[in-house]
Structure formats: C-alpha cells, structure tokens
Amino acid sequence: MELLHAGRDDHALRTAALLRRSHPADKELQLAGLLQDIGRMLRPGDGARHAVLAAEAVRPLLGERVARLVRLQAPAPADGGAGGADRPGEDAEAEAVATLRQAREAAGASGPDAGVLEDWRPLLELVAAGSCRAGNAMGPLGSPRGPVTDVR
C-alpha cells in the first residue's frame with residue numbers, strides 16, 4: 001500500500017475500477033489493473049523491464065496469476081513479439097490479458113470517479129491471504145511471510 005500511495009496513479013485506479021465493473025468475480029484481474037505500473041516506481045528509468053519488475057515484486061505477495069497478468073499486460077515489444085503470451089501455460093490467460101489491455105486503454109479517457117486507493121486494501125489483503133494459503137509463504141523480499149497485516 002505504501003508503494004501504491006507513493007506513486008498514486010489515477011490511470012491504474014480507473015483501470016482497476018473498470019475491471020471491477022466488467023469482471024466483478026475476477027479479483028486477480030482487478031489487482032493486475034491496479035498494479036500495472038509499479039515497476040516504474042521500483043526502478044525509474046528502466047522502462048523496458050518495468051512489467052517484469054512489477055511482476056517479480058507482486059508474485060510473492062499476490063501469487064503467480066497476478067504476477068503473470070501484470071507482466072503480460074504491458075504493450076508488446078517493438079520487435080512485434082506478443083509480450084510473452086506464447087509461453088507454455090500462459091495462453092490460457094490470453095483473454096484476461098486482452099481484457100486487461102482494453103481496460104487500460106479505456107481508462108486513458110477521463111471517466112467516472114475511480115474511488116480512492118484505500119478502497120483496494122481489503123481486496124489486496126484477501127488475495128494475499130489466498131496466495132499464502134496456496135503455498136506462497138515467502139514474503140516480497142524472500143523472507144518468510146508474516147501475518148496478512150504485512151500487506152501494507
């Protein structure tokens with residue numbers, strides 16, 4: 001939450017809000033929309049790798065699917081690649097990635113109020129708790145994860 005507050009991104013909030021409306025049951029997809037640009041905050045100036053950095057940062061806390069969506073939603077590389085969507089196990093997410101990219105584009109236009117960042121805290125905690133139960137027991141820095149309250 002501190003990282004999200006530090007780099008407050010209304011575009012990411014609008015993307016997540018659009019995904020919440022269009023895909024209310026897919027909490028991981030919504031969070032991928034919210035977290036789409038944290039790689040730029042983690043290592044400013046490393047634009048070529050920002051999606052990979054973001055994915056590596058969220059994987060230990062929010063799980064493999066959120067990390068994969070964050071990584072794959074980035075625009076395709078200049079060489080015409082698919083942004084990694086052709087790797088084994090990732091083609092099942094192709095529809096979710098397309099939805100995420102469409103929401104990101106739609107969020108570029110000013111739209112309805114996207115709410116505030118704190119509205120997303122309960123969902124972050126819920127997904128983090130589920131990720132921990134699924135065996136993802138390492139914290140974001142590689143240390144054993146503490147209680148769910150460490151989401152901040």
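What share of the 152 residues in the chain is buried? Buried residues come to 42% of the chain. This is a predicted model, and the close-ups below walk through it piece by piece.

**View 1. The whole chain is built from 8 helices and 0 strands.** Followed along the sequence, the pattern reads α-α-α-α-α-α-α-α. Take the contacts between residues at least 6 apart in sequence: 64% of them join residues at least 24 apart. On the outside, the chain exposes about 7,900 Å². Carbon and sulfur atoms account for 56% of that exposed area.

**View 2. Helix α2 covers residues 10-22.** From the first C-alpha to the last, this 13-residue helix reaches 18 Å, close to the 18 Å expected at 1.5 Å a residue. Its buried residues are His11, Ala12, Leu13, Thr15, Ala16, Ala17 and Leu19. And what do they pack against? The partners are α3 (27-34) and α7 (94-107).

**View 3. His11 sits in helix α2 and touches residues far along the chain.** Leaving aside residues up to four places away in sequence, His11 touches Gln36, Arg104, Ala107 and Gly108. With Gln36 there is also a polar contact, side chain to side chain, at 3.3 Å. Another residue to pick out here is Ala106, which belongs to helix α7. Ala106 and His11 are 95 residues apart along the chain, and their C-alpha atoms are separated by 9.6 Å. Ala106 is partly exposed, with a relative accessible area of 46%, while His11 is among the buried residues of α2.

**View 4. Helix α3 is mostly covered, with 6 of its 8 residues buried.** Those buried residues are Leu29, Gln30, Leu31, Ala32, Gly33 and Leu34. Zoom in on Leu34 and you can pick out its contacts with Leu4, Ala12, Leu13, Ala16, Leu117 and Trp120, again not counting residues up to four places away in sequence. Of these, Ala12, Leu13 and Ala16 are buried residues of α2.

**View 5. The largest nonpolar core has 33 residues.** Which of its residues touch the most other members? Leu4, Leu31, Leu34, Leu35, Val58 and Leu62 do. The core draws on several helices: α2, α3, α5 (50-62), α6, α7 and α8 (121-133) each supply at least two residues. For background, nonpolar side chains in soluble globular proteins tend to be buried together.

**View 6. Asp37 and Arg104 form a salt bridge, one of 8 in the whole structure.** Their closest N and O atoms are 3.2 Å apart. Why is this pair worth a close-up? Asp37 lies in the loop between α3 and α4 (38-42) and Arg104 in helix α7, so the bridge ties together parts that are 67 residues apart in sequence. Are the two partners buried or exposed? Asp37 is buried at 11% relative accessible area, and Arg104 is buried too, at 16%. Arg104 also turns up in View 3, as a contact of His11.

**View 7. Within helix α6 (residues 64-72), Arg68 and Glu64 lie about one turn apart.** Their sequence separation is 4 residues, and their side chains meet in a salt bridge at 3.9 Å, N to O. On the Arg68 side the residue is buried, with a relative accessible area of 15%. Glu64, at 38% relative accessibility, counts as partly exposed. In general terms, side chains of opposite charge can pair when their charged atoms come close.

**View 8. Glu118 and Arg121 meet through their side chains in a salt bridge.** The N to O distance is 2.9 Å. Glu118 is partly exposed, at 35% relative accessible area, whereas Arg121 is buried at 18%. Elsewhere, salt bridges that share partners link Asp26, Glu28, Arg59, Glu64, Arg65, Arg68 and Glu93 into one network. The Arg68 and Glu64 of View 7 are both members of that network.

Conventions
Residues numbered from 1 in each chain as written. Predicted model: local features only at pLDDT ≥ 70, side-chain atom pairs only at ≥ 80, totals over all residues. Heavy atoms only, no water. Expected span 1.5 Å × (residues − 1). Buried < 20%, exposed > 50% of the residue type's maximum accessible area, 1.4 Å probe, protein only. Contact = heavy atoms within 4.5 Å. Areas by Shrake-Rupley, 256 points an atom, 1.4 Å probe, with all protein chains shown as cover. Salt bridge = Lys/Arg side-chain N within 4 Å of Asp/Glu carboxyl O. Polar contact = N/O pair within 3.5 Å; in protein donor to acceptor, adjacent residues only side chain to side chain. Core = buried A, V, L, I, M, F, W, Y, C linked by side-chain atoms within 4.5 Å.
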